[in-house]
Amino acid sequence: MMLPAVISGFALGAVAPWVVRAVGARAHWLLAVLPAVLFVYFAGFLPGVAEGQVYRFATEWVPGLGVTLSFYVDGLALLFALLISGIGTFIVIYTGGYLHGHEQIGRFYVYLLSFMASMLGVVLADNAITLFVFWELTSLTSFLLIGFNHEESRSRRAAVQALIVTGGGGLALLAGLLLMGAVGGTLEISELMTQPEVLHGSPLYTAMVILVLAGAFSKSAQFPLHFWLPNAMEAPTPVSAYLHSSTMVKAGVYLVARMSPGLGGSELWFYALVIFGAVTMLTGALLALRQTDLKLVLAYTTVAGLGTLVMLIGLSAPLGYKAAAVFLITHALYKGCLFMSAGAVDHETGTRNPLELGGLRGAMPITFAAAALAGLSMSGIVPFIGFIGKEVMYEATLHLGPVGGVVLTIATIAGNALTIVAAGVVVLRPFFGERRKTPKHPHEAPVELYLGPCVLAGLGLLAGIAYPLTQDSLTAPMMGSMAGTMPDHRAAELYLWHGLKLPLFLSLLTLGLGIAGYVYWDRIRESLAATLRAIGWGPDLGYDQVIAGVEWLSFRQVRVQQTGYLRHYLIVTFTVFAAFVVWTLMTVGGGPSAFEMPAVRLTEWVALGLMVMGAGAATLVYSRIAAIAAIGVVGYAVALIFVMFSAPDLAFTQFMVETLTVVILVLVLMRVPLEVRAFRGLGARIRDAVISIAVGVVFTLVLMGVVQGDLDLRLSEYFAETSVPVAHGHNIVNVILVDFRALDTLGEIFVVTVAGLSTFALVRLALFKRKGGAGEGGGA
Amino acid sequence: MENVLAIVVGILVACATFLILSRDLIRILLGIAILSNAANLLIFTAGRVTRDAPPLVPGDLEVPAGAYANPLPQALILTAIVIGFGLLAFALVLSYRAYVAMRTVDVDAMREAEPPYPDQSPPTGEDGRQTPLRRRGAAGTPTREAAQ
């Protein structure tokens with residue numbers, strides 16, 4: 001049942017354009033049925049998972065490589081699956097309103113539904129290879145969705161950038177997963193996670209952690225790889241709300257959480273997660289305040305939120321995991337809602353600049369209500385889930401000990417306060433204050449645009465009020481998955497009222513700081529902008545520099561490798577050939593063992609002498625005629641050798657061909673200037689002589705090695721024995737050519753024919769040109 | 001005997017390689033001609049050589065009587081000779097066409113397919129990139145082409 005559920009999104013995506021064509025403008029209501037059904041299906045697992053059950057589904061895929069399409073449902077996977085299918089339902093509906101009338105909306109649904117299926121695959125996969133395949137599929141669908149407006153160069157750049165960063169991280173993840181598989185002896189993650197001592201004990205543990213975290217951090221936009229996420233806001237708002245806030249960017253968080261039972265618990269793991277997470281949290285929250293685009297403000301707070309999640313998972317069981325689980329739900333609900341309402345504001349007013357917006361609460365009351373509820377949850381106000389989230393977050397950081405706890409708590413307070421300012425920017429600015437003139441006259445958005453925000457914001461409130469339900473069915477099982485234990489409902493206990501304790505005061509402090517920050521937002525923004533201008537460099541620019549560096553490097557490399565000089569290529573070829581053969585002869589063996597001077601007849605000496613002298617003369621003389629004559633001598637001497645060593649057919653052919661060769665050489669070369677201009681310098685000649693001698697020596701050594709070894713004569717004997725009885729020919733060589741290997745000979749005839757025709761064509765071409773009186777090409 | 005032939009093959013290959021590494025297109029072709037002979041001889045030698053025993057079955061026999069030369073390499077070489085000839089003939093005419101089009105047999109100057117980089121100097125200077133500094137034969141004698 002699980003496999004069809006996961007891949008149904010691909011199937012529906014494949015037919016989505018036709019559904020849109022058939023149903024028309026209301027297709028989104030129909031398409032949203034699938035994610036809704038999936039949500040109900042996943043919700044069916046809730047009671048069992050709350051009791052600590054896990055469900056595993058496996059289908060064979062590539063059994064020879066240990067790759068199975070296996071899926072695994074536990075608290076962690078289930079929470080993500082519910083978020084993906086639940087938010088996905090509203091995103092599909094939202095798309096219908098947001099891209100209403102867009103001519104390529106069908107294509108958009110293809111990408112969106114494929115993404116949903118890929119994302120479900122990531123969070124449900126148990127097999128490491130299956131996980132990786134779906135992981136890269138989310139990168140690919142994200143690339144397609146960011147580049148949806150592919151006519152815009154900014155969209156294209158953002159899409160390629162996201163693909164390079166997340167896809168590259170995916171490759172690191174693959175390496176990490178394979179290392180884990182090699183060490184643990186299985187590719188099933190659920191089995192790997194039960195043997196942390198094996199993974200920790202391996203000398204490859206550090207490499208595994210670094211590679212897996214490289215994949216997770218690139219996907220979840222951790223500093224300094226966070227830059228692709230704000231750029232990804234080029235995508236249409238449904239994409240930003242779905243992929244780049246509530247689901248895909250959390251794949252990295254999911255991965256870290258999933259790997260915690262197996263890889264977690266070491267200092268490396270703790271410091272990597274806490275430091276990167278905290279730095280990302282502060283960087284994202286700070287940069288959010290500098291933006292004057294609602295979507296960018298939200299994008300940077302998403303970066304901050306992802307940093308917070310990574311940091312909390314690093315703080316580990318039980319308080320860190322509890323805070324991570326609660327904050328994961330909180331963030332997905334309020335961020336999805338705020339993105340969608342920001343998109344609705346953009347859709348209705350024509351601008352996303354908070355400085356140009358104001359007083360919309362009258363014109364867009366429903367959108368305002370949803371955004372306000374989400375903003376309250378984001379700011380951590382009682383009784384929203386965000387409040388609980390902040391309380392347990394402070395509990396977790398305070399628990400760390402005197403020094404680290406204080407530092408981390410202060411960082412978290414700062415991050416949360418900045419987040420409150422950002423909440424004010426996206427909620428208070430557009431909806432309160434004076435009405436301003438906007439490019440479009442605002443009306444309430446259509447139901448598609450406010451349905452999702454309302455439900456998500458309502459759930460944020462509900463999850464806070466009904467916190468025991470949240471705890472039992474969602475956070476406790478998820479904590480169990482992260483810790484690798486059964487759900488512990490006592491450790492997972494949530495409170496809306498914790499008593500007058502330190503976390504409550506810290507919450508109040510955070511709120512105060514946030515309000516103060518919002519009041520001075522204009523000033524903060526401008527000084528931030530000035531500071532960033534003064535720095536004048538950022539990772540986004542660094543990305544461009546890296547790309548430019550790669551281009552420069554490949555250019556230099558091509559300059560060295562591809563000089564354009566034929567001789568350079570030949571020198572490399574000959575040298576590599578000689579060196580490799582010598583290396584093989586030295587390491588593997590196969591060279592000649594001894595040299596015995598055989599008895600050579602006088603006539604043979606003469607033929608061999610002629611051959612060597614001919615070749616030497618052709619090499620040394622510069623006169624064309626002399627060289628051609630020398631070539632002829634070599635050819636005839638070879639023919640003589642054939643005569644002496646029992647090869648009359650060869651000798652006959654060789655005499656004929658050699659004569660023809662000399663004739664053609666003379667015919668052609670006499671048309672080329674006789675004096676030769678292209679000399680090599682002395683140095684080049686010495687170099688070439690060394691290479692040539694090396695190549696010659698290699699040939700001699702190999703050939704001697706061959707003739708001193710055994711010779712398998714079975715084939716020759718077969719031909720000799722069957723030549724007369726089977727093929728009725730007495731000349732064995734001829735029989736081989738025209739009978740046993742007749743097809744080869746036919747091919748040879750074709751080759752010679754084609755060569756002859758081409759030669760003829762080239763000669764004719766020259767004749768026609770001359771007749772036409774046209775100049776024969778340009779000077780060199 | 002094969003050992004001696006192996007040495008001769010090595011010498012031929014060395015000469016051919018030296019010619020092929022030349023800047024002069026015509027010398028490259030001469031090198032190819034020698035290389036194809038060397039390759040044929042190499043196959044011949046690798047199949048072992050036998051004196052005065054051609055691979056022929058006497059007219060009244062079913063199988064050859066006594067020793068006979070290895071027929072298989074001979075069949076292969078027969079093909080190779082003809083193919084080598086076809087290759088050389090085509091290469092010759094092609095080179096001639098290239099000369100007619102570009103007015104040079106200097107492969108360093110034939111840069112139509114891979115044009116020089118903007119900052120790459122044309123073939124000048126030492127080490128194989130020379131412009132004709134010295135000429136064989138009488139300096140200033142008009143060539144046949146130049147006379148046309």
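Biologist: How much of chain B is buried?

Modeller: Of the 148 residues in chain B, buried ones make up 49%, and please keep in mind throughout that this is a predicted model.

Biologist: And what is the secondary structure of chain B?

Modeller: Chain B has four helices and zero strands, so that, going from the N terminus, its elements read α-α-α-α.

Biologist: What share of its contacts comes from residues 24 or more positions apart?

Modeller: Counting contacts in chain B with a separation of 6 or more, 51% are between residues 24 or more positions apart.

Biologist: Switching to records, which stretches of chain B does UniProt annotate as "transmembrane region"?

Modeller: The UniProt entry, which is unreviewed, places that annotation on residues 6-21, 28-47 and 75-94 of chain B.

Biologist: What does the model show over residues 6-21 of chain B?

Modeller: Residues 6-21 of chain B are 94% helix and 0% strand, with their end C-alpha atoms 22 Å apart.

Biologist: And how far apart are the ends of 75-94?

Modeller: For residues 75-94 of chain B the end C-alpha atoms lie 29 Å apart, and that span is 100% helix and 0% strand.

Biologist: OK, on to the interface: how many residues of chain B are in contact with chain A?

Modeller: On the chain B side there are 97 residues, and they are in contact with 101 residues of chain A.

Biologist: Which helices of chain B supply at least two residues of that side?

Modeller: Helix 1 (2-20), helix 2 (25-46), helix 3 (71-102) and helix 4 (144-147) of chain B each do so, and helix 3 gives the most, with 25 residues.

Biologist: How do the residues on that side of chain B divide by type?

Modeller: The side of chain B that touches chain A has 60 nonpolar, 18 polar and 19 charged residues.

Biologist: Different topic: at what angle do helix 31 and helix 32 of chain A cross?

Modeller: The axes of helix 31 (residues 714-727) and helix 32 (residues 732-740) of chain A cross at roughly 65 degrees and come within 10 Å, and the two helices are therefore roughly perpendicular to each other.

Biologist: Is that crossing left-handed or right-handed?

Modeller: Helix 31 of chain A passes helix 32 of chain A in a left-handed crossing.

Biologist: Which residues make the contact?

Modeller: From helix 31 of chain A they are F719(A), A720(A), S723(A) and A727(A), while helix 32 of chain A brings I732(A), V735(A), I736(A), D739(A) and F740(A); by type, the residues of this contact divide into seven nonpolar, one polar and one charged.

Note on methods
Residues are numbered from 1 along each chain as its sequence is written. Chains are lettered from A and ligands numbered from 1 in the order in which they are written. This is a predicted model: local features need pLDDT of at least 70, side-chain atom pairs count only at pLDDT 80 or more; totals for chains, interfaces and linings use all residues. Two residues are in contact if their C-beta atoms, placed from the backbone, lie within 7 Å. Ala, Val, Leu, Ile, Met, Phe, Trp, Tyr, Cys and Pro count as nonpolar, Asp, Glu, Lys and Arg as charged, and the others, Gly among them, as polar. Axes are lines fitted to C-alpha atoms, for helices over the stretch in contact, and angles run from 0 to 180 degrees between N-to-C directions. Angles under 35 degrees count as roughly parallel, over 145 as roughly antiparallel, 65 to 115 as roughly perpendicular and the rest as oblique. A crossing is left-handed if the near helix is turned anticlockwise from the far one by less than a right angle, and right-handed if clockwise. A residue is buried if 20 or more other C-beta atoms lie within 10 Å of its own, exposed if 12 or fewer, and partly exposed in between; C-beta atoms are placed from the backbone. UniProt positions are given in the numbering used here, feature names are shortened, and annotations may be inferred rather than shown by experiment.
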